[in-house]
Structures are given as C-alpha cells and as structure tokens.
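Visitor: Could you walk me through this one?
Guide: Happy to; have a look first.

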Amino acid sequence: MARRLEEEEGEQDDSRVIAYFDVDCFYAQAEVLRRPYLQDRPVGVTQKFLVVTCNYVARRLGVPKMAPIDEAKRRCPDLVLINGEDLTPYRAASKIIMQVLSRFGTLERRGLDEAALDITEEVRKRFSSSINVNTFQGHLVGNVTGNAPDILSSAEASPAESETSGKVEISQSREALENRCLSLAHTASTSAEVLRRQGDFLLMVGSHLVAEMREAVEKETGYRCSSGIAHNKLLAKLACSLNKPNKQTCILPSAADNFLRPLSVRKIPGVGQRMEGTLKEMGIGIVEDMQRVSVQQLCDLAIELDSSFIMHAVVSILHLSSIRDTLSHFLLRIL
Ligand code: TTP
Ligand code: MG
C-alpha cells in the first residue's frame with residue numbers, strides 16, 4: 001500500500017488502471033447534505049469575501065467558483081450563502097469518503113476532495129473471472145476498434161444520462177473485442193497491438209469498478225463525485241474533469257496523444273498562471289508546442305526558474321509515448 005503511484009507509473013506501461021476521483025462542488029455538497037431543503041436552490045460557500053464554491057444549481061445560473069460575493073450575488077440574487085470558514089465538517093467528510101475509496105485500491109490523497117487510486121489489482125481479479133462485463137461505463141475518449149485515423153472521440157451523453165444516473169453504456173461488446181484480439185493474435189505483425197487491446201479491456205473492467213466505487217461512496221456517505229479512468233494518473237485526472245458532475249470518463253491509451261496534443265499547457269498539473277505566461281513567451285501554448293522547443297531551451301527555463309513544476313509537467317508529458325522520445329534528453333539532463 002505504501003508504494004507511490006509515481007513509482008508505478010515509472011514502469012511506463014499501458015497495463016495499469018488508475019482511477020481519479022473528485023467530489024462534486026465539495027463544500028457546497030457538504031452544506032446541502034446537512035440541509036436537504038436546499039437541494040434545488042443555488043447555494044454558495046463563502047470564505048472572507050469570496051464564494052469559494054457553489055453547487056451546480058448555482059453554476060447553471062452563472063455563478064463560477066471563486067467569485068467575489070458581490071459579483072456572485074449580482075449574477076444570482078437568489079444565491080443562498082453559507083459561511084465555510086470552519087473546515088471541520090469538510091475534513092470529517094473527506095476522511096470517510098477516502099476510507100470508502102481506499103477499500104478498492106492503493107489510494108493517494110490529492111487534497112480534501114481528490115484522490116488517485118491504483119485499482120489494477122482489483123481489475124485484474126475481475127478481468128480473469130468477469131463474465132458480465134461487456135461495455136464501458138460512462139463516457140469514453142478513444143475508440144477500441146482503433147482503425148479510424150482520428151481516434152479522439154467523446155461518447156455523447158445519452159438523454160438517459162443525468163446528474164442522477166451518471167451512467168452510459170457504450171456499445172463495444174466484450175465478445176467483439178475478444179474476437180478482434182484473437183484475430184490480431186494470429187495476424188498482427190506485432191504483439192504490441194494485442195497488448196494494447198488488453199489494455200483497453202482492463203480499462204473497460206476498470207470503468208465498471210469505478211462506477212461501483214462511486215455508488216459505494218454515495219450510498220455510504222451521501223457524496224457524489226466524478227471520476228476519470230486511464231492508464232496513468234495525469235490522464236485519469238484530466239479525464240475526471242471532462243464530464244462533471246456525477247459522471248465518469250475513460251481515456252484509452254491509444255487516444256492519449258490526440259487528446260493531449262491540443263491541450264493548453266495550463267491543464268497540466270503544476271503549470272500555474274506564471275508558468276503559463278513564461279511558456280507563452282517561448283511560443284508554447286499547447287502541449288504539442290513543447291515538441292518544437294529545443295531541449296536546451298527547456299533546460300535553461302527550468303534552471304532559470306529553479307522549476308520543479310516544469311519538471312513535473314515534463315515528467316507528466318513524458319508518459320506520452322510519441323512525445324517521450326523528443327523530451328527524454330531533457331529529463332536526463334535535469335535529473
Ligand atoms: P474543487 O474540487 O476545486 O472544487 P469543488 O469540489 O467545489 O467543485 P468541482 O465540482 O468543480 O470539483 O475544490 C474542493 C473544495 O476546496 C471546494 O469545494 C472549496 C475548496 N476550495 C477553496 O477553499 N479554495 C480554493 O481556491 C479552491 C480551488 C477550492
Ligand atoms: Mg471537487
């Protein structure tokens with residue numbers, strides 16, 4: 001249990017299943033759970049002069065997170081404000097949510113309402129014995145058939161998917177995938193293709209386990225959360241934020257490159273506003289731009305800023321196979 005997820009990611013394989021959880025509008029949900037009569041009303045939680053978060057009813061009415069109270073009230077005059085300066089109830093809620101999640105895998109807490117879990121072991125157990133799983137649960141980025149040139153696709157939420165159900169069945173039958181794997185085993189020029197299919201299967205089973213985990217959290221604590229499932233932590237975290245609230249998203253390894261390339265560098269954990277500005281000056285706005293920057297330039301930047309966060313960003317990006325080669329020299333020089 002003590003092993004850090006980074007160490008596990010260091011193995012650089014596609015056969016791990018990482019799930020990332022983020023409680024929806026955490027402080028606001030905590031306050032509404034204590035006051036069920038507020039459930040359908042816009043609720044904001046304040047600290048000093050800010051609305052640090054608000055429920056999704058308020059967000060739909062135009063209230064963003066971290067808005068000044070005046071601004072939030074101007075946008076939504078009916079907003080119910082609750083003081084959230086005493087963190088005791090949020091800490092207590094966090095503890096019980098984490099306890100439920102940790103039953104399912106190796107948990108790494110990432111703040112009061114976020115956690116990354118390595119659920120590979122549990123998924124593998126189910127993978128060998130599972131008879132019922134034949135679909136993905138939730139949203140899917142990628143395509144298990146893998147033939148289309150552009151494999152970045154996000155499954156549309158069906159009309160049936162709502163904040164209440166949060167589940168979509170994606171029509172990719174396990175049987176069809178198994179057949180494809182078998183046929184690939186005979187005909188594929190490389191076994192890498194077969195391994196990739198197996199990685200897809202693991203994530204498929206993982207998506208069901210994650211649905212179960214979210215259900216367990218809600219049943220046992222009352223809290224709803226969103227989740228991301230992928231073969232590494234960066235992707236799982238990014239996936240988690242794609243469909244909120246109360247939904248889950250899986251990014252397939254084969255879709256990772258296409259998903260990440262157009263992403264703003266700001267989305268990479270560890271890259272803040274200042275770093276974003278510095279990178280922009282170097283012509284780096286999106287992840288793909290990093291490939292165009294010389295190793296020397298990146299080294300200079302990291303040294304100039306004494307920057308562990310650019311390291312973090314680069315290490316994250318290094319998990320992408322096609323970008324890894326370009327930046328591997330940079331990593332070696334800095335380490
Ligand atoms: P977040 O997970 O960033 O936000 P959230 O849970 O409210 O909403 P979301 O559905 O988008 O996940 O932060 C968790 C809690 O931390 C949030 O409820 C309030 C608190 N918080 C602060 O007090 N100050 C901050 O600057 C941020 C970002 C959050
Ligand atoms: Mg949250």
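Visitor: How far is a polar side-chain atom of Asp-22 from an oxygen atom of ligand 1?
Guide: The two are 3.2 Å apart; a polar contact is a pair of N or O atoms within 3.5 Å. This is a predicted model, where local features need pLDDT of at least 70, side-chain atom pairs need 80 or more, totals for chains, interfaces and linings use all residues, and side-chain values use heavy atoms, without hydrogens or water. Residues count from 1 along each chain as written, with chains lettered from A and ligands numbered from 1 in written order.

Visitor: And how far from ligand 1 are the side chains of Arg-59 and Asp-113?
Guide: Arg-59 has a side-chain N or O atom 2.9 Å from a ligand 1 oxygen, and a polar side-chain atom of Asp-113 is also 2.9 Å from an oxygen of ligand 1.

Visitor: How much of ligand 1 does the protein cover?
Guide: It covers 74% of the 560 Å² of accessible area (Shrake-Rupley, 1.4 Å probe) that ligand 1 has on its own.

Visitor: New topic: what is the strand order in the sheet?
Guide: The open, mixed sheet runs E4-E3-E2-E5; strands are DSSP runs of at least two residues, and a pair needs at least two bridges.

Visitor: Why do E4 and E5 each have one side without a neighbour in the sheet?
Guide: Both stand at the edges with a single partner strand, so one side of each is left free of a neighbour there.

Visitor: Is Thr-46 buried or exposed?
Guide: Thr-46, in strand E2, is buried (under 20% relative accessible area), at 8%.

Technical notes: Helices (H or I, at least four residues) and strands (E, at least two) are DSSP runs, numbered from the N terminus. Buried means under 20% relative accessible area, exposed over 50%, partly exposed in between (1.4 Å probe, protein chains only). A polar contact is a pair of N or O atoms within 3.5 Å; within protein, one must be able to donate a hydrogen and the other to accept it, and residues adjacent in sequence count only if both atoms are side-chain atoms.
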